[in-house]
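Here are a few short exercises to work through with the model open. Try each one before you read its solution.

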Amino acid sequence: MLKVKNLTKKYKDFVAVNNISFTINQGEIVGLLGPNGAGKSTTIKSIIGLLRIDSGHILINEKDHTSIDAKREFAYIPEFPNLYDQLSIWEHIEFIAKAYGKKDYKAIALEYLERFDLIDKKDELTTELSKGMKQKLSIICNLVIDPKIYFFDEPMIGLDPKAIKTLKNLLVELKNQGKAIFISTHLLDSIEHICDQILVMKNGAIITRGSLEELKGTQEISLEELFLQVTQDE
Amino acid sequence: MNKLKILINKDIHQVKNYFKGFNKNRKKLIPVAFYILWFYFMFRSQTDSDFYSINYFKNFSFGILTFLLIISFINIYFERTSYFNMADVNLLFTAPIDSKLVLIYAIFKTSWKQMLAALFMFMFLSPSLINAGIHFPQLLIGVLAYALFIFAIEPISFIVGQLGKKYDLKFIISALVAVLLIMISIPMILLKSPIEGIQSEYMNFVPLIGWSRGIFMGMFQINSYFFIYILLMVLFIITINLYIIKTSAHYYEDVITATENKEAYTSKKKQGKASLNIRFNFNKDKDIHIAGDYQGARAFHWKNKLKAIREDFHYLFGVQTLLFLILSVGMVFIKSYRNFEIPYPIMYMSATGIILYIYTLFSLNAGGEDELEMHFFYLIPENNIKKIIALNQLNFQRMAINSIAFFMIPMIIDFRNFINYLLLLLVFNSVYWMVKYAYVLVKSIFRNETDFTFMLPLIKIFQLLLVILPSIIGGIVGAAFSAVTRINPEFIVLTTIFTINLVAVLLILVLSDAIINRIEL
């Protein structure tokens, strides 16, 4: 579904992402972890084509990541929801559905609005929403697209506990539907039990990878403890 | 005293680090060099001119002071006036320091920052002042006038903001503006002339604006009123600060929203993204339905239509169209009423130039399309050319209608020059297209936020050049052709400008795939 080979992204002389490679298969959730400044957001933005890569190859469902065809295959949920001040919640969904050529989106959109407790506010402008509500809307807009792969960059920041639980359940549902999910987060306990594979980044490089079981080995530790161990050792 | 020392030390460190930053990032020196050069050329270009009369400075100082007061009211209204930043909120407000000390120090610091800005402004104004016979010691009087004004309006902003938390902010600001307007209009009514009213000594009795203007004009002549104005200003500043110290012990909660807003706005401004669009929201709560199928890139057109319907009378025309029409009617009316000898084509050509100049300056300040800052624009799976056309389609349609509203009256009443007006209309629209597309081009050349933050003045000049270059070439071509042919020079100039703009716009469109792929978020 996603093939990243030797991806390098530099900002002038600073190497933000250093020659990383990995693949994500259908029906797989991959967690991207790392301390602040590790290069997680840059990696995601480079994959989805918001940043130009300096070297490497990225294929999304066998299509070049910057191509229009590739864009049809993925959705991106950014850390900070950038929305249009003058559109209501429903109009945002309508806009995205139109832009991605989705015709039968209304029923599913209403269902997601219900699940994220936004149904009563669907006609309100985004200026009247809290940060958490905006984040929920950003997630719903991307769920409506119904792509094959999702890129989540810190999606849980600003969400209330109920919304985090809803999102976690949704991630599992999407995985069961055969979608691929690439998620970057600092809330380690929220993804601990749903990730099939974990990539840990530091200083622009992947320093550890594998399933949670593989990474833990024989140790009886949590993902958080494992993360601290791995990032400290480097 | 110890706590004050902590606050002062914090700021000294910040200032030191700011200057150290020049060493770390040399790009920061570019705007500094640019301002020095600008200042140098301003000084070099000073001429002995009668233009800078005493009345000129009376009007100028009155205009500037009124403008500053109105801007501070606007900032209070939008809750953007704050002496603090988010770091203060997170770190200083939670620290064991007396909140009154924090506030007074912040007011003092902000006023001094404003003073530095004022000194900078006076540096630019000084060539004109020197031309008017004002020299260094007298210049200090001007600085004093401005300083007292700033030290007075900063605390007012705070008090009005505080009162706005308890009472209706709109009402308070409206009442203040009304009182100000009444006081300003009294001398104008008494003397039966707005200009004479502004220039009269009566205007100096208007609190703050008038008193400061009275002190400012002391640069030219000092009389007994000069000292009275200084006394009034000083008394006002002392009283208002004492009031703040007495009443504002628990203000932290009240200033957080304004601080967040200010920080967000400042950050946008630094990156050239602050929007100057005035929105009316006529149909804010209306359920809007747009018929038709807008799939793919055309979804942008659908969204813009939706926004336009929400904000204006109709998606194709609105308040701006009305303003263009009123302006055109007003011009014709003034020409007939006052028997102006300027021919209609020259009048409309000048008006077109002024409108485009103002529009370009405003759009330079406002940055560009918000859309280019959003990931949607880049990720929606469509051809970039289609996206960029759909994005601007409605803007272009609306401006075309605005320009028709503006030019249709001269086209009818001065029909023999119909072709010239038609060409003017085309030029008007083509410059508008260039304003929109130049930003896309600039965004792709100066790709990252570091470039935008440090090189904004240069970027804006480059953007301005892109927009006005065709007009300069048009002027040169027109002058050259009219010297050797009998063809109407206006026809040649306008046709050349339109053709160059059209070619440039088409070129940007054709290359938009490559251009947009260069932009990074």
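**Exercise 1.** Is Asp146(A) buried, partly exposed or exposed?

*Solution.* First, the ground rules: this is a predicted model, where local features need pLDDT of at least 70, side-chain atom pairs count only at pLDDT 80 or more, and totals for chains, interfaces and linings use all residues. Residues are numbered from 1 along each chain as its sequence is written, while chains are lettered from A and ligands numbered from 1 in the order in which they are written.

Now count neighbours: Asp146(A) has 16 other C-beta atoms within 10 Å, so it is partly exposed (20 or more would be buried, 12 or fewer exposed, and partly exposed is in between, with C-beta atoms placed from the backbone). Next, check the backbone: phi of Asp146(A) is near 55°, positive even though the residue isn't glycine.

**Exercise 2.** Find the phi of Glu154(A).

*Solution.* Phi of Glu154(A) is about 50°, again positive in a non-glycine. As for its surroundings, Glu154(A) has 19 other C-beta atoms within 10 Å, so it's partly exposed.

**Exercise 3.** Work out how helix 6 and helix 9 of chain B are oriented to each other.

*Solution.* Start with the axes (lines fitted to C-alpha atoms over the stretch in contact, with angles from 0 to 180 degrees between N-to-C directions). Those of helix 6 (residues 136-166) and helix 9 (residues 209-216) of chain B come within 8 Å and cross at roughly 165° (helices are DSSP runs of H or I, at least four residues, numbered from the N terminus). That makes the two helices of chain B roughly antiparallel, the label for angles over 145 degrees.

Definitions and conventions
Parallel < 35°, antiparallel > 145°, perpendicular 65-115°, else oblique.
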